[in-house]
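Reader: Hi! I have a new structure to look at and I'm not sure where to begin. Could you walk me through it?

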Amino acid sequence: MSATPTSATADDVRRVIRTDALTKRFGRVTAVDAVALDVREGDVYGFLGANGSGKTTTVRMLLGLVLATSGDIEVLGEPMPGSARAVLPRVGALVEGPGTYPHLSGRANLALLDATGADGPRRTRTRRIDEALERVGLASVDGRPARAYSLGMRQRLGLAAALLRRPDLLVLDEPTNGLDPQGIHEIRTLLLELNREGTTVFLSSHLLAEIEQMCTRVGVLDGGRLVLQDQMDALRGPTGRTEVRTPDLEEARRLLATMPDLEVESTVDEHEGGRLLVRGAEPADLNARLVEAGVRVTLLSPERRHLEDVVLAATTSGTDRFGRAGASA
Amino acid sequence: MIHAELSKLLRNRRTWGTIAIIDALPTLVAVLLAMTDLGPRPGTGPAFLSAVLTDGTLFPLAALAMVLPLFLPIAVALVAGEAVAGEAQQGTLRYLLIRPVGRTRLLVAKLVAVMAFVVVTVLVVAVTSYVVGVLLLGDQTVTVTGPTTSISGSPMSTPELVGRTGLAFAYAMLCMLGVAAVALFLSTVARSPLGAAMGAMTLLVASTLLLTLDAAQALHPYLLTRHWLAFVDLFRDPIRWDEVVRGVLVQGAYVVVFLGAAWASFTTKDITD
């Protein structure tokens, strides 16, 4: 149950994406700085970062669109962009929004894309397109041109294009962009379903909640550097404090004060009644002692860290913020 | 890949719109000639035009001479300028490249599609101008009913005419390949398809202007458009090869240099749009 992978486990797990000292400079600006990504088979990997932190550049380098200044990339066990021809047919991707030929229908767009690919027999094309459209919820879409699609429909079409070839790895950059809550939920369900079927998902986003709900592993990019990379469980591990909610706040506080081994921090939330944070207690034991003394307990649970706190602690403000130096600290 | 590019080209309404516009000019000229019966005096005006008043079957060549200097190259600049920059602007370039389509292969497919556009355009112009020529001008033949004459005045047999027309067609294709190479290179550099097309058109206009300027005489042999109308020489008797050969060399140089530049620029480019 160790949070940090030892070298033994690192060799056991198949690496789907691995980068080593990956660096990209545009002129004098270093967009990506010595990034060492580690994505394992079966992961839903959340790639977090503020706008301008280098997420998209990294994703483009993984796909061979942007050429790295230095460093190595391995995708599905083979070097990129050197083995692009072998690797990319096994990868489905959505990079910075879908690209469509506006005068063609969704189906015609997918057919055209399929015709430019290296594989997939032609006679199964219609069936594969229908399946992909079905999966993303566009099964009954009509023949109107893609330019008449809503943002959400276009996003679904882009996902369908990524799924055309049943990829081993899905690389998705902001996939829920432009979708309504219902659509976001559908896409999340779809991605988790694909992941259960064996697809590794690499999900880049600036939406913490989205990552927190779906991902098993998280990497955080800040100013081009990977400041954090770990299993979600480890990041959201217990803080060592126990949260207690009780209507009998004062009694609880008095009682806890008599226990010298405990530290108590308390806050009172007007809507939800009293909330105490107790450090140094074993939750089950604490519960027994409170109830024994007649203190009513509404909720008692080990406190876990929120991804947001972890990420904020690891990062500075985004690059779209141009505050005065020292003013925002 | 080439199949997909051709299908993209032929399914685009704009392709056919462009061809229709190009086709409209010679058709208009034929109508005007037929109505007014006023041809340019022999030796002036567009090549062959003075001859078509007596023989409508020659009108396709006159039409080609009309569209080649301006209309066709502008259309080629537009289509080739859009080749890479247009895909980039639509956001489809990155999806093509991660299919994956090799960058060199994509360039070749784009170039083939542009040349296919030229062939289709020239064929459409040839067929319509032949039909229009025969319908409107063909029956005006008053004096000559014998074999078609070369522009040097001697008679030409039909197989000879077909052969020379083929040569002229190949020469015109090479000229358009030169424009396509320039526009394709700009298309790999420019952010917008319009920018690439405008760049190529600027070169065309500059070349045409410099050709009228005596002070630029030293540059004349190297200008893109310098030898374009040399295909007329293929219809002289005997054929005057020297300018045609020089034209082939100049166009060849443009094609090699700019396609090389396009390849070098595109295969090392960061695709960030």
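Author: Happy to! Let's begin with a term: a cavity is a set of grid points where a 1.4 Å probe fits but cannot get out. Keep in mind too that this is a predicted model.

Reader: Okay, so how many cavities of 30 Å³ or more does the structure hold?

Author: There are 4 of them. The largest cavity has a volume of about 140 Å³.

Reader: Which residues are closest to the centre of the largest cavity?

Author: The lining has 13 residues, and the closest to the centre are Gly99(A), Thr100(A), Asn109(A), Leu113(A) and Ala161(A). As for elements, α4 (106–116) and α6 (151–163) of chain A give two or more residues to that lining, together with α6 (93–97) of chain B.

Reader: Nice. And what about the largest pocket, how much space lies in it?

Author: About 670 Å³. Its lining counts 25 residues, with Asn12(B), Arg14(B), Val79(B), Glu82(B) and Ala83(B) closest to the centre.

Reader: Which element gives the largest share of the lining of that pocket?

Author: That would be α5(B), with 8 residues. Elements of chain B that supply at least two residues each include α1 (2–10), α5 (71–90) and α9 (193–211).

Reader: Switching topic: what is chain A like overall?

Author: Chain A has 12 helices and 15 strands. Of its 329 residues, 46% are buried. If you look at contacts in chain A with a separation of 6 or more, 69% are between residues 24 or more positions apart.

Reader: How much area does chain A expose?

Author: About 16,300 Å², and carbon and sulfur atoms supply 49% of that.

Reader: Let's do charges. How many salt bridges are found over all chains?

Author: A search of the whole structure gives 38. One of them joins Arg217(A) and Asp38(A), with the closest N and O atoms 3.2 Å apart. Arg217(A) is in strand β10 and Asp38(A) in strand β3 of chain A, so you can see that this pair links distant parts of the chain, 179 residues apart.

Reader: Are those two buried or exposed?

Author: Both Arg217(A) and Asp38(A) are buried. For another pair, try Arg144(A) and Asp142(A), whose side chains meet at 3.1 Å, N to O.

Reader: Why does Arg144(A) count as partly exposed?

Author: Because its relative accessible area is 34%, and partly exposed covers the range between 20% and 50%. Asp142(A) is partly exposed as well, at 43%.

Reader: Is there a salt bridge in chain B you could show me?

Author: Sure, look at Lys110(B) and Glu87(B), where the closest N and O atoms are 2.7 Å apart. Lys110(B) lies in helix α7 and Glu87(B) in helix α5 of chain B, so the pair ties together parts that are 23 residues apart in sequence. Lys110(B) counts as buried because its relative accessibility is 7%, and Glu87(B) is buried with 4%.

Reader: Last topic: which residues form the nonpolar patch on the surface?

Author: The patch is made of Val31(B), Met35(B), Val127(B), Tyr130(B), Val131(B), Val134(B), Leu135(B) and Leu136(B), with about 710 Å² of accessible area together. Its largest share, 6 residues, comes from α7(B), and α2 (13–36) of chain B also supplies at least two.

Reader: And where does Leu136(B) lie?

Author: In helix α7 of chain B. Leu136(B) counts as partly exposed because its relative accessibility is 31%.

Definitions and conventions:
Residues are numbered from 1 along each chain as its sequence is written. Chains are lettered from A and ligands numbered from 1 in the order in which they are written. This is a predicted model: local features need pLDDT of at least 70, side-chain atom pairs count only at pLDDT 80 or more; totals for chains, interfaces and linings use all residues. Side-chain values use heavy atoms; hydrogens and water are left out. Patches are made of residues with over 30% relative accessible area and no salt bridge: like charges are joined within 9 Å, nonpolar side chains (Val, Leu, Ile, Met, Phe, Trp, Tyr) within 5 Å. Accessible areas come from the Shrake-Rupley method with a 1.4 Å probe; for residues, only the protein chains shown count as cover. A salt bridge is a side-chain nitrogen of Lys or Arg within 4 Å of a carboxyl oxygen of Asp or Glu. Helices (H or I, at least four residues) and strands (E, at least two) are DSSP runs, numbered from the N terminus. Buried means under 20% relative accessible area, exposed over 50%, partly exposed in between (1.4 Å probe, protein chains only). Contact means heavy atoms within 4.5 Å. On a 1 Å grid over the protein atoms alone, a cavity is a set of points where a 1.4 Å probe fits but cannot get out, and a pocket is an open set with protein on both sides within 12 Å along at least five of seven lines; lining residues have an atom within 4 Å of a point. Grid points are joined across faces, edges and corners, and a volume is the space filled by probe spheres set on the points.
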